[in-house]
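Let's take a walk through a protein model, one piece at a time. Keep the picture open and find each residue as it comes up.

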Amino acid sequence: MRIGELGRRTGVNTHQLRYYEAQGLLEADRGTNGYREFDEDAVLRVRQIRHLLGAGLSSEDIAYVLPCAVGEDPQLPGCPELVAAMRSRLQRLDEQMNDLAQSRDALARYIDAAERMGGESYPPFDGADLEPVSA
């Protein structure tokens, strides 16, 4: 099947499918006309990629685990290398979440302090783009 049909069958746009191919996550043959030709397994592979992306794995992580994936909502065997790679990604996500929580708390403190001080002498701001609103 051509890339457009693969996109229709998976709900993934062709730009993303080309990216998956460039990252080595998806393989296509080239027809005599130069068009990409995907086999039926590509539908399952794209669905696996989407599930793994949804789990927060990077394309590099996915390239590592994808050969072991079984099924649409992929089951991954518990080999030590694979578990170590996923634990590493989980740790990175935990660190990012902690950093975001700290940033959120700091921003909330700034907002509270600013609201307590009042802002009559400052120009009003449009919260959508944080630019002063002209009077």
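## A glycine out in a loop

Gly24 sits in the loop that links helix 2 to strand 1 (29–30). Is Gly24 buried or exposed? With a relative accessibility of 54%, Gly24 counts as exposed, because the cut-off for that is over 50%. Now look for Ile62: the two are 38 residues apart in sequence, and their C-alpha atoms are 9.7 Å apart in space.

## The whole chain

Keep in mind that this is a predicted model. The mean pLDDT of the protein chain is 86, and 87% of its residues reach 70 or more. Confidence varies between the elements: helix 1 has the highest mean pLDDT, at 96, while strand 4 (residues 131–132) has the lowest, at 56.

The protein chain has five helices and four strands. Starting at the N terminus, the order of the elements is α-α-β-β-α-α-α-β-β. Of the 135 residues in the protein chain, 22% are buried. If you take the contacts with a separation of 6 or more, 43% of them are between residues 24 or more positions apart.

## The nonpolar core

The largest nonpolar core has 20 residues, and Leu6, Leu17, Tyr20 and Leu26 have the most contacts inside it. Which helices each supply at least two residues of this core? They are helix 1 (3–10), helix 2 (14–22), helix 3 (41–54) and helix 4 (59–65). Helix 3 gives the most, with five residues.

Try clicking on Leu26. Setting aside neighbours within four places in sequence, Leu26 is in contact with Leu6, Leu17, Tyr20, Glu21, Phe38, Ala42, Arg45 and Val46.

Phe38, one of those partners of Leu26, is found in the loop between strand 2 (36–37) and helix 3. Phe38 has a relative accessible area of 3%, so it is buried. Leaving out neighbours within four places in sequence, Phe38 is in contact with Met1, Arg2, Ile3, Leu6, Leu26, Glu27 and Ala28. Take Ile3 from that list: Phe38 and Ile3 are 35 residues apart in sequence, but 7.1 Å apart in space, C-alpha to C-alpha.

## Along helix 3

Helix 3 has 14 residues. From its first C-alpha to its last, helix 3 reaches 20 Å, close to the 20 Å expected at 1.5 Å a residue. The buried residues in helix 3 are Ala42, Val43, Val46, Gln48, Ile49 and Leu52. What covers them includes helix 1, helix 2 and helix 4. After helix 3 comes Gly56, which has a positive phi, near 90 degrees.

Gln48 is worth a pause. Gln48 belongs to helix 3, and its relative accessible area is 3%, so it counts as buried. What lies 2.9 Å from a polar atom of the Gln48 side chain? That is the backbone oxygen of Gly71. Not counting neighbours within four places in sequence, the residues in contact with Gln48 are Leu66, Ala69, Val70, Gly71, Glu72 and Pro74.

## Two tyrosines and a serine

How many aromatic pairs does a search of the whole structure find? It finds one. The pair is Tyr19 and Tyr20: their ring centres are 6.4 Å apart and their planes are at 65 degrees, so the pair is edge-to-face. Tyr19 is partly exposed, with a relative accessible area of 42%, whereas Tyr20 is buried at 3% relative accessibility. You've met Tyr20 already, among the residues with the most contacts inside the largest nonpolar core.

Tyr19 has another partner to look at. Ser59 lies in helix 4 and counts as buried, because its relative accessibility is 15% and the cut-off is under 20%. The side chain of Ser59 makes a polar contact with the side chain of Tyr19, at 3.4 Å. The Ser59 side chain also makes a polar contact with the side chain of Gln23, at 3.3 Å. Leaving out residues up to four places away in sequence, Ser59 touches Tyr19, Gln23 and Leu25.

Technical notes
Residues numbered from 1 in each chain as written. Predicted model: local features only at pLDDT ≥ 70, side-chain atom pairs only at ≥ 80, totals over all residues. Heavy atoms only, no water. Core = buried A, V, L, I, M, F, W, Y, C linked by side-chain atoms within 4.5 Å. Buried < 20%, exposed > 50% of the residue type's maximum accessible area, 1.4 Å probe, protein only. Contact = heavy atoms within 4.5 Å. Polar contact = N/O pair within 3.5 Å; in protein donor to acceptor, adjacent residues only side chain to side chain. Expected span 1.5 Å × (residues − 1). Phe/Tyr/Trp six-rings, centres within 6.5 Å; stacked < 30°, edge-to-face > 60°. pLDDT = per-residue confidence, 0-100.
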